[in-house]
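User: I am new to this structure and would like to know how its descriptive terms are justified. Please take me through some of them.

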Amino acid sequence: MRQSAYFLPTLKEQSAEAQIPSHQLMLRAGLVRQLASGVFSFLPMGYRVIKKVIEILREEMDAIGGLEFLLPALNPIEIWEQTGRVEAMGDVMFHLKNRDGLVLAPTHEEIITYHARQHVKSYRDMPMIWYQIQTKFRNEARPKSGVLRGRQFIMKDAYSMDSSWEGLDVAYDKHYQAYCNIFERCGIKFFVVGASSGAMGGRQSQEFMVESNSGEDTCAIAEGYSANIEVASSAILPVGRIDENLPIEEFATPNAKTIDDLVEQFGIPEHRCAKSVVYIVNDEPWLILMRGNDELNETKLQAIAGTNLLRPALSDELVEFTGADHGSIGPVNLKKKIKVVADNLLKGANSMVSGANKDGFHFKNIDLDRDCKIDEFYDLRTVIEGEPSVVNGEPLRVVKAIELGHIFKLGTKYSDALGATFLDSDGKENPIIMGSYGIGVERVMACFIEQNHDEKGIKWSKALAPYHIHLIGVNQHKSDEVNAACEEVYAKLSELKYEVLYDDRAETAGIKFNDADLLGLPVQVIIGGKNLKDGNVEIKFRASDEREIIPLANLYARLESFLK
RNA sequence: CGGGGUGUAGCGCAGCCCGGCUAGCGCACCUGGUUUGGGACCAGGGGGUCGGGGGUUCGAAUCCCUCCACCCCGACCA
């Protein structure tokens, strides 16, 4: 492709709008332009990268037996009502204003299940893997970070259908391996974490993550262990018992509202404090007891409660249920009998301090076994950097990460809701057992750039590069010899089927070099009078920024050995 | 949805607080000339509803009201 006839609007100056490297570089290198908040146009060069990503996705999905569909973004709302997800999605789902009964699909479990119900009627019809690479619409409350969180984006979404749970395990493992292949082929460094299934429903799920300060997720990782902070646990020791088990005693704490206050004013060790919070879970109050200043992990609470309809109680609710306001709540002498759950670290603990359910007072010497009734114990806390890993005690690192892909064992949530059943070999009707697997296409592109750039621009891998070779004529419009050599090399490279971008513009050398480094094609072939008079050309490898000056005659062999 | 910020030529910005001649600068663009291996130089030129609406004023990019868009932090997030 001749650059003189191409549309590649590179920018010398940086827009203040773009805050993260991938967003800045996608704008500067002429790959994308923003049309509205969370909505991007892909320009020809950027779309070539998208197509490279898509082709890798397609090859790897086909390799595990996936069948490619193209499902509509416009969906009848009735199907979504049958699975209860109109409510679950809430504002995230786009609804049309001038046509009742249609929504824009944020994902496609419902539609896949709908078609499966029509045609997958026997255990002999499975296993099946159906996938598509298609545009999703999500009305994000706050789009951000360029294409990383958009209101419209391309997703590779796949769905497995099996007649047995063992079959689901097989399909899940196939996707796990396919995803590893995909990200390795793209040249992205990633890790996999155990994750929460969120509102998707289902059992096991894992996320494919890229460590990045631009990420919105937080993960705890150590050798042999990695988990989303939403589900991560650690081997930190329980509070336990001390020998001196004194009788429970009330004491005045007029100026202590927080655990920190108790620690400061009364010298109580932080881990001997039990913090109480009240949540309204499905309209039912739960008192939740946590150690010291441990943070309640709401995602874990949602998983335990089996609902995401929960919220912290309001002040007047606190008084109604416990008898006290914030800062004086505890598990002993609750005004009303409400459900009490506690973090595992508090199991069997004694000599604890907690609120007395009377404003301005706390109890000390609480023995959780003796003085109050805890209904259930769960892992409810959010892990903290440095805590020992449950695998081998190594300290956990807590890092920010971008979610690139997510695989779920859905189970029968959607097949149950939509009545997608099959007959097994005994002639018995069963719901189809499903899995769901997604990769954000733009995120793959952005994550690659996050990991592969320098101050001058992008450093594309061969797999994702929009073109492989950047042929640069240095002042070729002033030299017939240079121009002739460029034209000859361009013709030859085209004949050899290389993907070559030929910068034949009448621009100065500096502009061409800087544009080339910004765009970041893997190899630059630089033809100028300086070297050409000795029969040489220069090649520059963008990833390493190494240069070689070689005889023109050797160019093709050198390129073949590099790009092979 | 709460908090903060921004909106002036295609892009990046100044001017606004403290109202006042024809609204500026850099880049880009057009014409002519000189240059030519890391974002050249000279000369000339085109391009503006100062985000929209309303108000105050002799006079508004500038002050007030209101709406909108975009960015950032938080909440939320399959």
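User: Why is Arg-542 called buried?

Analyst: The model is a predicted one. In it, Arg-542 has a relative accessible area of 1%. Buried means under 20%, so Arg-542 counts as buried.

User: What makes the contact between Asp-545 and Arg-542 a salt bridge?

Analyst: The closest N and O atoms of Asp-545 and Arg-542 are 3.3 Å apart. A salt bridge needs a side-chain nitrogen of Lys or Arg within 4 Å of a carboxyl oxygen of Asp or Glu, so the pair qualifies. Salt bridges that share partners join both residues with Asp-454, Lys-456, Lys-459, Asp-517 and Lys-540 into one network. Across the whole structure, the search finds 39 salt bridges.

User: Is Asp-545 buried, partly exposed or exposed, and how do you know?

Analyst: The relative accessibility of Asp-545 is 31%. Partly exposed covers the values between under 20% and over 50%, so Asp-545 is partly exposed.

User: Which residues form salt bridges with Arg-149?

Analyst: Glu-140 is one partner, with the closest N and O atoms 2.8 Å apart. Glu-216 is another, at 2.7 Å. The pair of Glu-216 and Arg-149 links distant parts of the chain, 67 residues apart. Glu-216 is in the loop between β10 (205-211) and β11 (217-222), and Arg-149 is in the loop between β7 (128-137) and β8 (152-162).

User: What class of exposure does each of Arg-149, Glu-140 and Glu-216 have, and why?

Analyst: Glu-140 has a relative accessible area of 15%, so Glu-140 is buried under the 20% cut-off. Arg-149, at 22%, is partly exposed. Glu-216 is also partly exposed, at 35%.

User: Why do β4 and β5 count as edge strands?

Analyst: Three strands form an open sheet in the order β4-β6-β5, with antiparallel pairing. β4 (74-76) and β5 (94-95) each have a single partner strand, so one side of each is left without a neighbour in the sheet.

User: How do you know that β5 and β6 pair?

Analyst: Two bridges join β5 to β6 (residues 102-104). Pairing requires at least two bridges, so these strands qualify. His-95 has Val-103 in β6 as its bridge partner.

User: What is notable about the phi of Asp-283 and of Asn-357?

Analyst: Most residues other than glycine have a negative phi. Asp-283 has a positive phi of about 70 degrees although it is not a glycine, and the phi of Asn-357 is near 60 degrees. Asp-283 is in the loop between β14 and β15 (284-291), while Asn-357 is in the loop between β18 and β19 (361-366).

User: Are Asp-283 and Asn-357 buried or exposed?

Analyst: Asp-283 has 76% relative accessibility; exposed means over 50%, so Asp-283 is exposed. Asn-357 has 7%, which is under 20%, so Asn-357 is buried.

User: What joins Met-126 and Pro-127?

Analyst: A cis peptide bond joins them, with omega about 5 degrees. Pro-127 is in the loop between α5 (109-119) and β7.

User: What lines the second largest pocket?

Analyst: The lining has 23 residues, and Lys-275, Ser-276, Val-277, His-326 and Gly-327 lie nearest the centre of this pocket. β14 gives the most, with six residues. By class, the lining has 13 nonpolar, eight polar and two charged residues. The space in this pocket is about 370 Å³.

Terms used
Residues numbered from 1 in each chain as written. Chains lettered and ligands numbered in written order. Predicted model: local features only at pLDDT ≥ 70, side-chain atom pairs only at ≥ 80, totals over all residues. Heavy atoms only, no water. 1 Å grid on protein atoms, 1.4 Å probe; cavity = no way out; pocket = protein on both sides within 12 Å on 5 of 7 lines; lining within 4 Å. Points joined across faces, edges and corners; volume = space filled by probe spheres on them. Helix = DSSP H or I, 4+ residues; strand = E, 2+ residues; numbered from the N terminus. Nonpolar A, V, L, I, M, F, W, Y, C, P; charged D, E, K, R; others polar. Buried < 20%, exposed > 50% of the residue type's maximum accessible area, 1.4 Å probe, protein only.
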